[in-house]
Amino acid sequence: MNDLLKSARDVLNNYAIDVQQLRPIEIGNINNTFFVDGVSGRYALQRINPIFSPEVHVDIEAITNHLAAKNMATPQILRNKRDQLWTT
C-alpha cells in the first residue's frame, strides 16, 4: 500500500487541491480509491484498473453533467491543472 500512497500523492500534484490528508479506502476489488481531505473540500481519488480505457472518463463526465443539469446530486470529475479528465 505504501507504493500506492506514494503514487496517489504524486498524482495529486497535478490537481489544484491543497491536500491535508490522504487515506486509502481498503474495500473494493477493481479500483484503488482514496479519500482526499483538502482545504477546499473532500474528494475521492481513484486509480482506475487498466481493464478500462482512460477514455471512460469522457462517458462518466457526460453522465454526471447530464444528471447535474437535471438537478440530481452527483459527484463530478475534477479536471487536472491541464484541464484534462485524467492523469497518467
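A strand, as the term is used here, is a DSSP run of E with at least two residues, and strands are numbered from the N terminus. The exercises below concern a predicted model.

**Exercise 1. Determine which strand gives the most to the lining of the largest pocket, and describe that lining.**

Solution.
1. The largest pocket has a volume of about 960 Å³. Its lining comprises 32 residues, and those closest to the pocket centre are Leu-45, Gln-46, Arg-47, Ile-48 and His-57.
2. Four elements each supply at least two lining residues: H1, E2, strand E3 (41–47) and helix H2 (56–69).
3. Of the elements, E3 gives the most, with six residues.
4. Sorted by class, the lining consists of 20 nonpolar, ten polar and two charged residues.

**Exercise 2. Establish how E2 is paired with E1 and with E3.**

Solution.
1. Strand E1 (residues 19–25) pairs with E2 in the antiparallel sense, over six bridges. Within this pairing, Ile-25 has Thr-33 of E2 as its bridge partner.
2. The hairpin of E1 and E2 has six residues between the strands, and in this hairpin Gly-28 adopts a positive phi near 115°.
3. E2 and E3 also run antiparallel, joined by seven bridges. Here Phe-35 stands opposite Ala-44 in E3.
4. The hairpin formed by E2 and E3 has two residues between the strands.

**Exercise 3. List the residues of the largest nonpolar core and identify the element with the largest share.**

Solution.
1. The core has nine residues: Leu-5, Ala-8, Leu-12, Tyr-15, Ile-17, Leu-22, Phe-34, Val-36 and Leu-45.
2. Helix H1 (2–12) and strand E2 (32–38) are the elements that give two or more residues to this core. The largest share, three residues, belongs to H1.
3. In soluble globular proteins, nonpolar side chains tend to be buried together.
4. For one core member, Ile-17, the contacts beyond four places in sequence are Leu-12, Val-36, Gly-38, Tyr-43 and Leu-78.

**Exercise 4. Classify Arg-47 as buried, partly exposed or exposed, and place it relative to other parts of the chain.**

Solution.
1. Arg-47 is found in strand E3, and it is among the residues closest to the centre of the largest pocket.
2. The class of partly exposed lies between the cut-offs of 20% and 50% relative accessible area. Arg-47 counts as partly exposed because its relative accessibility is 39%.
3. When neighbours within four places in sequence are left aside, Arg-47 is in contact with Leu-4, Asn-31 and Asn-32.
4. Lys-81 is 34 residues from Arg-47 along the chain, and the C-alpha atoms of the two residues are separated by 18 Å.

**Exercise 5. In the segment after H2, examine the backbone of Asn-71 and Asp-83, and state whether Asn-71 is buried or exposed.**

Solution.
1. Most residues other than glycine have a negative phi, and most peptide bonds are trans.
2. Asn-71, which is not a glycine, has a positive phi of about 60°. Its place is in the segment after H2.
3. Asp-83, likewise not a glycine, has a positive phi of about 65°. Asp-83 also lies in the segment after H2.
4. The cut-off for an exposed residue is over 50% relative accessible area. Asn-71 counts as exposed because its relative accessibility is 74%.

Terms used:
Residues are numbered from 1 along each chain as its sequence is written. This is a predicted model: local features need pLDDT of at least 70, side-chain atom pairs count only at pLDDT 80 or more; totals for chains, interfaces and linings use all residues. Side-chain values use heavy atoms; hydrogens and water are left out. A nonpolar core is a set of buried Ala, Val, Leu, Ile, Met, Phe, Trp, Tyr and Cys residues joined through side-chain atoms within 4.5 Å. Buried means under 20% relative accessible area, exposed over 50%, partly exposed in between (1.4 Å probe, protein chains only). Contact means heavy atoms within 4.5 Å. Two strands pair if DSSP finds at least two bridges between them. On a 1 Å grid over the protein atoms alone, a cavity is a set of points where a 1.4 Å probe fits but cannot get out, and a pocket is an open set with protein on both sides within 12 Å along at least five of seven lines; lining residues have an atom within 4 Å of a point. Grid points are joined across faces, edges and corners, and a volume is the space filled by probe spheres set on the points. Ala, Val, Leu, Ile, Met, Phe, Trp, Tyr, Cys and Pro count as nonpolar, Asp, Glu, Lys and Arg as charged, and the others, Gly among them, as polar.
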